[in-house]
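Student: Hey, I've never looked at this structure before. Can you walk me through some of it?

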Amino acid sequence: MFKSRAQVPIEQRNYSVAYIVFAGALFLGTMWAVVDEVSTRRPWKEVQEEYAALAKARITERLDQAIADFDSTTYVDLSAQLAAAQDSMQGPLYTAVNEQYTAVLELLATENREYQFAKSRGDEAYYFYKKSLHEGDEDKKEKELLAENEVRMNAHMQVITRLEARRDSLAAVLNRYKQDARNLQSAIGDLRKDIDKWQSKLARVTGSPIEIKQVMMQDYDRNPFNDPKARIDRCQTCHLGWKEDVMEDAPEPFRRHPLPELLAVHKPETVGCTTCHRGQGPALTAGAAHGEADPYWENPLLKGIEVWASCNECHENQSHLDGAPVFSSAKRLMIESGCFGCHEIAGYTDLPKIGPELGRIGHKTTPEWIFRWVRNPKEYNSHTRMPNFRFTDEQAAAVTAFLWSLSSREPFTLQRGAVAGGDPIAGRKVFETAGCQACHVLGNETKVREARGTSYDIAPELTRVGSKLGADWIFDWVKNPRHYNSTTRMPNLRLTDREARDVATYLTRQKDDRSFDPKTLDLSSPQQISRGEAIVREYGCAGCHAIPGFEKESRVSVSLSNFGRKRVEEMDFGDTRVPHTWHDWVAAKLKDSRVFATDRIVQKMPIFSFSDDEIAKLRLFLLSQTKDAPDERYVEAFKRKQQDIETGRRLSYEYNCRQCHQLEREGGYIGAIIDEPAYLPPIITGEGKKVQEGWLHDFLKSPSTVGRPNSIRPWVPTRMPTFSLTDDEITKLIKYFLGLSNQDLEVRDYRAYQPDPALVSVGKSIFTDFQCLKCHPTGAAAPRPGEASTSDLAPNLTKARDRLKPEWIVEWLSDPNKLQEGTRMPTFFPDGQSPLPDVLGGDAKKQMQALRDYLISIGEPQRSVVSVR
Amino acid sequence: MKRNVVAAIAMMVVCITGTMLAGDVMGKVSFEGTAPKAARLMMNADPVCMRAHKGPVFGEEVVVNSNGTLKNVLVYVKEGLGSRKFEAPAGKVEFDQEGCVYTPHVVGIQTGQELEVVNSDPTLHNVHSLSKENPQFNIAQPKKGMKLTKKFEKPEVFKVKCEVHTWMGAYIGVFNHPFFAVTGPDGSFTLKKLPAGEYTIETWHEKYGTQTMKVKVGATGETKADFKYAAK
Amino acid sequence: MNHLITIISKPDNVPIVAMLVLIIYYTWLAMAKARKNDRQDISEEARLADKVQVWPYLVKVEFLATILVMAILTVWSITLNAPLEEPANPSLTPNPSKAPWYFLGLQEILVYFDPWIAGVTIPGLIIFGLSAIPYVDINPKGNGYYTFKERKFAILTFCFGFLVLWVSLIVLGTFFRGPGWNLFMPWEEWDTHRVVALTNVDWSELFGVPTRLVDDSLNPAAMAIGGATVLAWFSLGALFYYWKRKSEVIRKLGPLRYAVVAGLFLIMMALPIKIILRLTLNVKYILVTPWFNI
């Protein structure tokens, strides 16, 4: 065919078929383009239709329910009343009053004008009179005119006053009528409230146009060239039901957000969705928006618990976030595991080292123990935080020699033989009741460890402590831990000599019953010592331990500050078959930090024994380590108060307050071994609002629990230890507690508060009526009638005067459970109603104030005044 | 059109029969083995409580009736009612504190129904609910004769205790239907007018936990469901 | 092999695959027509007389072609999305960083020459050479019809420069250059961590003469060897002139035009020779001077 066509002269060739075919192809292509643009590439349109249908169905159901629940009898009743009220507004009485009212208003307007005119004329006369005086020629006529107008003003004013009184009294009558009608109308409105709500919701859903819903955050991001750039989120185009309660259990993408309380702080209307969830905001198909279909998008959707990683972008400096428990526990895991010792982590560069000082270790234990410990700490104590460096025997021996050599430089004297005659059974009792087990595990008592839920202990397990420590050392240590180690976190439980002797005896009997091959260690050869020092330096022991001579060591490993953005190409997978992804690399590394070592690549990171849950959380933490901070205006400024809170919070972590106390919804782990709820250490989150700053200072300086005259609950066996806090640290803690209660540190003299004597006597009678003494003793010991168990007792109220803030007492009485969830203290004023209608006119608020004044009036001030800066 | 009419009629028939055809489930909860010795309640912390009783008072954790049945067992329909909804009855459920003991010790109530807590003792009581689904409350009643009403929105079984008198404890079962009962001194129970169908009946006891049984309720008549708990 | 298929089927590489097909087809078409013409042996005058008007006969066909191209572009733009990658980041460039596909030949030359030669001199020479064609091409034949017989040198040179150097270097740069701009065979996976032994030497070092002396200064002997080699290559042009000075073509061309043609031709031919030397003998430079390296 082509051949024959080639024979035809070009002038005679016919192109119509080609033209029709090509034009047809172009037409079809254009049609296709239109369909593609309008529908194929806009799946969200169908999604929105689907949502509208679903929402309509659900809202209609609620609307029907509301209509069914509608109280029609009341409605008819109220409508009739309203009609009657409106009728009476047409009645003769109302009309007469209204007429009078209008007449009075008219009169008043005239009088007001006359008064203004008189005043104005008087002013004019005054001006001319004064002018004449200045010119030395007193104008008597103007003076008379002035006086005349003043008289007139007075006359008008009297009329005005009278008319105004009349007007007000008439208005009051009219208002009564109007108010009746208005009240009825609002009552009818209240009846219809539910129906109206669902109707307007329905109207909004059905009337909503099919459109892209986007949130634009001006200058939120910075591009790689550091220019500010807007972030655009269109997630809500498909996720339409995120704030609709009826969509709580709807299928995705319409489901309501599971944490509405979090959204109340981070409003998606202004900060979008990708700020927390990441993903590709501008994308309008699920695959591209979530990142599965776009491997080049650097911020794929965070899945599972990792959604909490994005908190760090704004909350980098905070180690605890109330609404984000996973994030908080991931950070705590990082802090407690001491990651910051070897790695630089932004915001956590000045934390105290997590391990003990090693300068005096020779006075504490034996070289054999050190050797075994250095070689593999988990062998002695499988829950220690000290990781396993997998040292060879030779390396461990060298490190032991070096550590041993340190002690000869550090003088330390130990009293010998102080424990003679100790009673192990009494020691055990002290150990189990005083609170040692809040931090130390011994034997099978692992409930606190399980309550913490971490794979490690916060303090050494003491199951084999007898093979590590001598009785003299333990005695010295428990009597005053700061004697041996001036920076230790171990607090002083104020044991008597006898108790300390008993505890030391008890602990020295906790021997390691395994037998090991004896090891001969060369402790004195200088080569061994210097080799040990080199190993200690190379492996960065000083990251966790204070070691004499290593004060200026820098961190041995890489910075993690942008680790969340580390690319797979930068990761070495060694000889492993670990899949080449960021997540798999991190998980494998945390599981076994030497896994990627090869015959050429030596890895020094020691092996931690994290649980799978901890690995997931640490990975979340690492993922959160990025430098993608949004523009300042989107971050709540890390204000001074928050700084104060965070400083104190870190101190509270350092001293392990949460082992005993619940604080910021964390902790209280000792509760696992205290059977009697009344003996639990208090929840102290609201302490700043509750107690006086001076009292808190005194208490932290010298806590008084067992056997102290100013003890609040002398019958509780567990002791609040003495942490030997400095005034600076106490100030930080006070600011922390005040900050948690949204209060500032200010100078206040609580003794200046003088109770009202009248209220005091009423308060006393309420105190009796309420039978407060049933639980709250007022004496020093337990002056309860009968033989009540101390476990039923509540704090001694004679201490209230010097301890509690007066305003807190009232707040507490009005709803104790609101201030301290789960408290045993009942409310005597449910819904703000007093059970005593005859006292103070039944005014609940007044009665609470009376109780407060009574409480402040009892008991004598005992403590010295502490000045608060 | 025709099809719609047929469907509507069918629906009506189902609805009517669903409400009309109903049977009762009856049974008893027996107990095997020796009952644990009831703990004596030491009320000497509060003389008012001491005075209220002449002899010793014992706890009601496990009460075995003389006919070998177990008292204070909650029996209720656990599954099978589908999405049916039931109006709350108008009557109140009484819950008394008398002689420093809760009466009754186990009580069932429907969602939306009113519970009236009464203090019949001339001493301070407080009712502390340890509910999980419903909001907790902890309200003091310092005077004799004080009353307090509460409603519950969500079904669950929870404990109620008094912090002043630590021995005082009781259990409240909240259900979103009226088919529940508490075994009394003869250990028997009746779930009345259950619509015909298949159900899972569950029993709950504060010490011995739960048991379930599947029953088929016919259009009329009674269905037997006996449970048995054994001493531990 | 799967890997090669993945690369070929990427949306980015559609133009290159299309180019390969189209080039083969049009080269064949031109050559087929030339062969036919060459065989028919129609006189020059007769050929020139056989003409048609541009309007409407050519414009008509061009209009049809426009429609077809529009249709193809429309369908192409619907079916294949723009192959976007990460947002540009100056501190994090992609590996390998590739130029637009039509410049990949030049980028490939960068492997073998100093940047200023590959990036400035050679593109400059290409432009210079192309614009010099009307002045050095003194063959009047082949206007308005296809022929091979009458323009052998011109067509062969063009085919070599365009097909062998330009197109095949683009193909090499697209399909065979992976991370680190390393050479990957079709059956090899593009591994970012691939290690390539660095064993390049200079030309003179093949003969045992080091480029630099122990004090790191340039070795005059090496410079002499390199210079002599370059000189010898360009003297081929002079030798050829001397040998063929009597032929009609050379006479017509004259010494100046001959010098331009011969210089450009030799430079063009030197390019693949350097490439082959690098790929086979790991030769880095022929000539190393303090100012430039060849």
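**A chat about the model**

Tutor: Let's start with strand E6 (residues 114-119) of chain B, where the side chains alternate: Leu115(B), Val117(B) and Asn119(B) point to one face and are buried, while Glu114(B), Glu116(B) and Val118(B) point to the other and are not. Buried means that 20 or more other C-beta atoms, placed from the backbone, lie within 10 Å of the residue's own; 12 or fewer is exposed, and in between is partly exposed. Strands (E, at least two residues) and helices (H or I, at least four) are DSSP runs, numbered from the N terminus.

Student: Is there anything I should know about the model and the labels?

Tutor: This is a predicted model: local features need pLDDT of at least 70, side-chain atom pairs count only at pLDDT 80 or more, and totals for chains, interfaces and linings use all residues. Residues are numbered from 1 along each chain as its sequence is written, while chains are lettered from A and ligands numbered from 1 in the order in which they are written.

Student: OK, back to E6(B). Which strand runs parallel to E6(B), and how many bridges join them?

Tutor: That's strand E3 (residues 93-98) of chain B, joined to E6(B) by five bridges. Two strands pair if DSSP finds at least two bridges between them. Glu116(B) in E6(B) has Glu94(B) opposite.

Student: And which strand runs antiparallel to E6(B)?

Tutor: Strand E9 (residues 147-151) of chain B, again through five bridges. There, Lys150(B) of E9(B) stands opposite Leu115(B).

Student: New topic: what is the strand order in the open sheet of four strands in chain B?

Tutor: The order is E12-E2-E14-E15, with antiparallel pairing. E12 (180-182) and E15 (209-217) of chain B are at the edges with a single partner strand each, so one side of each has no neighbour in the sheet.

Student: How many bridges do E14(B) and E15(B) share?

Tutor: Nine, between E14 (residues 197-205) and E15(B). One pair there is Thr200(B) with Lys214(B).

Student: Over to chain A. Why does the length of helix H15(A) agree with what it should span?

Tutor: H15 (residues 393-407) of chain A has 15 residues, so at 1.5 Å a residue it should span 21 Å, and its end C-alpha atoms are 22 Å apart. The expected span is 1.5 Å times one less than the number of residues.

Student: Which residues of H15(A) are buried?

Tutor: Among them are Ala397(A), Phe402(A) and Trp404(A). What covers the buried residues of H15(A) includes helix H13 (367-375) and helix H21 (526-538) of chain A.

Technical notes: Contact = placed C-beta atoms within 7 Å.
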